[in-house]
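Visitor: I am new to this structure and should like to examine one part of it closely. Would you kindly take me through the region around a single turn, and then show me how that region relates to the rest of the chain?

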Amino acid sequence: MLAAWTLAAVAVLAAGAGWMRRAPEPPFRRMDLTFGALVPAQPGWIAVSSDGALLAAAGTIGNDPAIYIRHLGGDAEFRKVPGTENGTYPAFSPDNQWIVFRRTTDRSLVKVNVNGGGAVTLVSGGGLDPYAPHWGEDGRIVFSGPPGNGIVSSSGGDGRPLPKVVGRMPVLLP
C-alpha cells in the first residue's frame with residue numbers, strides 16, 4: 001500500500017514539474033536584408049508575411065513599378081508579382097497566399113495571389129480612395145483613405161466607410 005502512495009506522489013510531482021517548466025525560447029535569427037536591384041518606393045511600403053517567410057515591397061526594378069516578393073528562406077533576389085503594376089501599400093492575407101495593395105493608377109484596392117495571376121479589384125477608386133490595407137483573420141480588409149477609414153470583404157463587394165474609426169492605418173485584431 002505504501003508503494004502505491006509513493007508511486008502516486010512521484011507521479012504528481014513529475015507532472016507538476018513538467019507543467020511548471022518554461023517553454024523553450026524560439027531561436028533568434030539575424031538577417032541582413034539586401035534589396036539588390038529593387039529600389040523600395042517608401043519604407044512603409046514593405047510587408048512581412050505572418051509566418052515570417054515572405055517579404056513584399058512596393059518598388060521599382062528598372063522602370064517597372066510594382067509589388068515585388070522574396071522568399072526569405074532561399075530567394076536571393078526579389079521577383080515581380082504579376083498583376084501588381086503600379087502597386088503600393090502591400091499587405092498579406094492571414095494564410096500568406098494573397099497580397100492586397102493599392103493600385104495608384106486608378107486608386108483602387110486590389111488583391112492578387114502571391115504566385116501571380118488575375119488581379120481582383122476589391123474597391124474601385126472613387127470616393128473611398130483606399131490605401132494602407134490590413135487583412136484581418138475574419139476575411140475582412142480595413143483601409144484608410146482621405147475621407148476616412150473603410151472596410152470591405154476579402155472576396156470583394158461594396159466597400160463601406162467606418163465613420164467611428166479614427167486615425168490612420170487601422171488594424172483588425174483577431
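Guide: In this predicted model, strands β12 and β13 form a hairpin with 6 residues between them. Strands here are DSSP runs of E with at least two residues, helices are runs of H or I with at least four, and both are numbered from the N terminus. Within the turn of this hairpin, Gly 156 has a positive phi of about 105°. The loop between β12 and β13 is the place of Gly 156. With a relative accessibility of 19%, Gly 156 counts as buried, a word reserved for values under 20%, while over 50% is exposed and anything in between partly exposed (1.4 Å probe, protein chains only).

Residues are numbered from 1 along each chain as its sequence is written. Local features need a pLDDT of at least 70, side-chain atom pairs count only at pLDDT 80 or more, and totals for chains, interfaces and linings use all residues, while side-chain values use heavy atoms, with hydrogens and water left out.

The two arms of the hairpin come next. β12 and β13 (residues 160-161) run antiparallel and are joined by 2 bridges; at least two bridges found by DSSP are needed for two strands to pair. Opposite Gly 150 stands Pro 161 of β13.

β12 (residues 150-153) is also joined to β11 (residues 140-144), by 4 bridges, and these two strands again run antiparallel. Two residue pairs can be named here: Arg 140 has Ser 153 of β12 as its bridge partner, and Ile 141 has Val 152 of β12. β11 and β12 form a hairpin of their own, with 5 residues between them. Gly 148, in that turn, has a positive phi of about 135°.

Both hairpins can be placed in an open sheet of 4 strands, whose order is β10-β11-β12-β13 and whose pairing is antiparallel. The edge strands of this sheet are β10 and β13, each of which pairs on one side only.

What else is to be found in the surroundings of Gly 156? The C-alpha atoms of Gly 156 and Lys 111 are 9.4 Å apart in space, although 45 residues separate the two in sequence. The charged end of Lys 111 sits over the ring of Trp 98, 4.6 Å from the centre of that ring. Such a placement requires NZ of Lys or CZ of Arg within 6 Å of the ring centre and within 35 degrees of the ring normal.

From Trp 98 the path leads inward to the nonpolar cores, which are sets of buried Ala, Val, Leu, Ile, Met, Phe, Trp, Tyr and Cys residues joined through side-chain atoms within 4.5 Å. The largest of them has 17 residues, and those with the most contacts inside it are Ile 67, Ile 69, Phe 92, Ile 99 and Phe 101. At least two residues of this core are supplied by each of β3, β4, β6 (87-92), β7 (98-103), β8 (108-113) and β10 (131-135). The largest share, 3 residues, comes from β3.

Phe 92 shows how such a residue is surrounded. Apart from neighbours within four places in sequence, Phe 92 is in contact (heavy atoms within 4.5 Å) with a list of residues including Trp 98, Ile 69, Ile 99, Ser 49 and Trp 135. A second, separate core of 10 residues includes Trp 135, together with Leu 109, Val 123 and Ile 141. Ile 141 has already appeared as the bridge partner of Val 152 in β12.

Ser 49, in turn, is found in the loop between β2 (46-48) and β3 (54-61). Ser 49 is buried, at a relative accessible area of 4%. Once residues up to four places away in sequence are set aside, Ser 49 touches Leu 54, Phe 92 and Asn 96.

For the wider setting, the protein chain has 1 helix and 13 strands. Along the sequence, the helix leads the pattern and the strands follow. Of the chain's 174 residues, 37% count as buried. Among contacts between residues at least 6 apart in sequence, 31% join residues that are at least 24 apart.
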